[in-house]
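Below are my notes on the model you sent. They go through the sheets and the ligand site in turn.

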Amino acid sequence: MNILHISAECFPIAKVGGLADVVGALPKYQKEIGATSNVVMPFYNNKFTQSNNFEKIYENHIDLGHEYYNFKVHKLVDTKLGFDIYFIDIPSLLYKGYVYSNDDTKRFLAFQIATLDWFLTFEQKPDIIHTHDHHTGLIPFMMSHSIKYNSLKNIPTILTIHNAQYQGWFSHELVNLIPPFNFEKVGLLDWGGTINSLAAAIKCAWRVTTVSPSYMEELKLKANGLEDLLNHESAKCVGILNGIDWSVWNPETDNRLFKNYNTSTVLSGKKANKEWLCKEFNLDSKKPLFTFIGRLVGEKGADLFPEIFKKALNENNISILLLGSGHKETEEALTTISKENFNTFIGYDEKLAHIIYAGADFLLMPSRVEPCGLNQMYSLRYGTVPVVNSIGGLKDTIIDIETENGFGIVHNGVTIEKVTKAITKATSYYKTEEFKENLKKIMEINNSWGNSAQEYVNLYKSLKN
Ligand code: ADP
């Protein structure tokens, strides 16, 4: 079975969030179970593309309305990624130092059209086209209804929704950017009077998955306007929990850490990483260290952080370290917190994130929306106890210590009081002998991709019969 994933992000080439981690790992695990699984993504101007070798394998031009753009397809040479990766290179639109910006409609439409134009030239067509989020959401529609892609019509398409908040809306005035299609089908592009790429994908993909079972159920109730559509299409929808890349996220071999460790050396290993962090960020390593890594947006509960942190620091003898960036008001409000037991790194830093997973005692995830969440799984793998709101993938992966077989701290709802209370509960837990035993236990919880990769392959197979 030959699967092609089409995505705006893929780790380690270009990462904004969890989408990159998934697309950078799933193909590798699908290969391990006998499928051929590769990735197509845009060619951005970044460290990875500047420092690796590529082979040009195709060249042509696309029509985008009345504009012509030349494009090339490059293949990464000598890939150590565990799968092949192909890049769509459209210099004036895609070769930028960022992944997302405010002209994404044109950029990602061009990416999708060039990808399909290239597929038309394949002698052996892929068995499955797997699209991810709204940036690739017009592919199922174009494959089914654009005249020039008629020969791709019978290839099953999958859409995975990593985040339904962002939907790739654009005005009907731009409909002529899409290659000519049977105009009776224009309604498939529309949701609420505007073109909605994610809605079009939900309508046209053969199957729709979300990155956790709970997120699928939650979307049917609240999906930024798409809930009725998801209910209507529920027969083809299924939630499949993400895994994590067991080889990248391994505290025993992770070369980004200050000190490596395994379940036998977890206490000394974590201590060394914690001391490095505390020295770097001027914190007291004797206090329990609470951390947050991620985007500073409402979905993650970030608007409440300044008040939560002030209250939690007031009421508990703890330190807090935050790594992330996002809404400017939140970033500014964080600077008003006393620096005594608190510090931040505003920005994106992959290496620092790894050391934080290793050196922290607790990882805070008071998310209001969490489609799957990978951070809690990384934190378990590195022996750091997650403190999470019971939502989406967090609900599917973390059990509270007060429940049988529990190992994390779970709160129900996101308010300043509820999150602070969970921090206080974690602080008490930190003082117990059970806390230390739990670290070994959580490191062994298997959240690797094995099972989920198989679930995807089973889904593909059901479409080929
Ligand atoms: P998202 O909603 O942002 O996709 P996920 O939990 O699915 O959230 O994935 C987040 C991924 O991005 C994790 O690998 C996390 O470590 C990483 N990440 C987020 N923000 C930062 C940051 N500021 N620096 C380094 N890594 C980050």
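1. In this predicted model, strand 6 (residues 128–132) runs parallel to strand 7 (residues 157–161), and 4 bridges pair the two. Within this pair, isoleucine 129 sits opposite threonine 157 of strand 7.

2. Strands 6 and 7 belong to an open sheet of 9 strands with mixed pairing, ordered 3-4-5-2-1-6-7-11-12. Its edges are strand 3 (54–64) and strand 12 (237–239), each of which pairs on one side only. On average, neighbouring strands here are turned by 25° against each other, direction ignored.

3. Helix 1 (residues 18–32) packs on this sheet and touches strand 1 (2–6), strand 2 (36–42) and strand 6. The direction of helix 1 makes about 155° with that of strand 2.

4. Which residues come nearest to the ligand? They are Lys15, Gly18, Asp21, Gly347 and Tyr357, out of 19 residues around the ligand. By class, the shell divides into 7 nonpolar, 7 polar and 5 charged residues.

5. Three polar distances are worth checking by eye. In the side chain of arginine 295, an N or O atom is 2.8 Å from a ligand oxygen. For lysine 300, the distance from a side-chain N or O atom to an oxygen of the ligand is 2.9 Å. At glycine 347 a backbone N or O atom is involved, 2.8 Å from a nitrogen atom of the ligand.

6. On its own the ligand has 570 Å² of accessible area, and the protein covers 92% of this. Two or more shell residues each come from helix 1, strand 13 (289–296), strand 14 (319–326), helix 11 (350–359) and helix 12 (375–381). Strand 13 gives the largest share, 3 residues. Helix 1 thus appears twice in these notes, as it packs on the 9-strand sheet and also contributes to the ligand shell.

7. Strands 13 and 14 are part of another open sheet, with 6 strands in the order 15-14-13-16-17-18 and parallel pairing. Strand 15 (342–346) and strand 18 (409–411) are the edge strands, each pairing on one side only. The average turn between neighbouring strands of this sheet is 20°, direction ignored.

8. At one edge of the 6-strand sheet, strand 17 (residues 385–389) and strand 18 run parallel and are joined by 3 bridges. Valine 388 faces valine 410 of strand 18. Helix 14 (residues 416–430) lies across strand 13, strand 16 (362–365), strand 17 and strand 18, and runs at about 160° to strand 18.

How values were computed. Residues are numbered from 1 along each chain as its sequence is written. This is a predicted model: local features need pLDDT of at least 70, side-chain atom pairs count only at pLDDT 80 or more; totals for chains, interfaces and linings use all residues. Side-chain values use heavy atoms; hydrogens and water are left out. Two strands pair if DSSP finds at least two bridges between them. Axes are lines fitted to C-alpha atoms, for helices over the stretch in contact, and angles run from 0 to 180 degrees between N-to-C directions. Contact means heavy atoms within 4.5 Å. A residue is near a molecule or strand if one of its heavy atoms lies within 4 Å of it. A polar contact is a pair of N or O atoms within 3.5 Å; within protein, one must be able to donate a hydrogen and the other to accept it, and residues adjacent in sequence count only if both atoms are side-chain atoms. Accessible areas come from the Shrake-Rupley method with a 1.4 Å probe; for residues, only the protein chains shown count as cover. Ala, Val, Leu, Ile, Met, Phe, Trp, Tyr, Cys and Pro count as nonpolar, Asp, Glu, Lys and Arg as charged, and the others, Gly among them, as polar.
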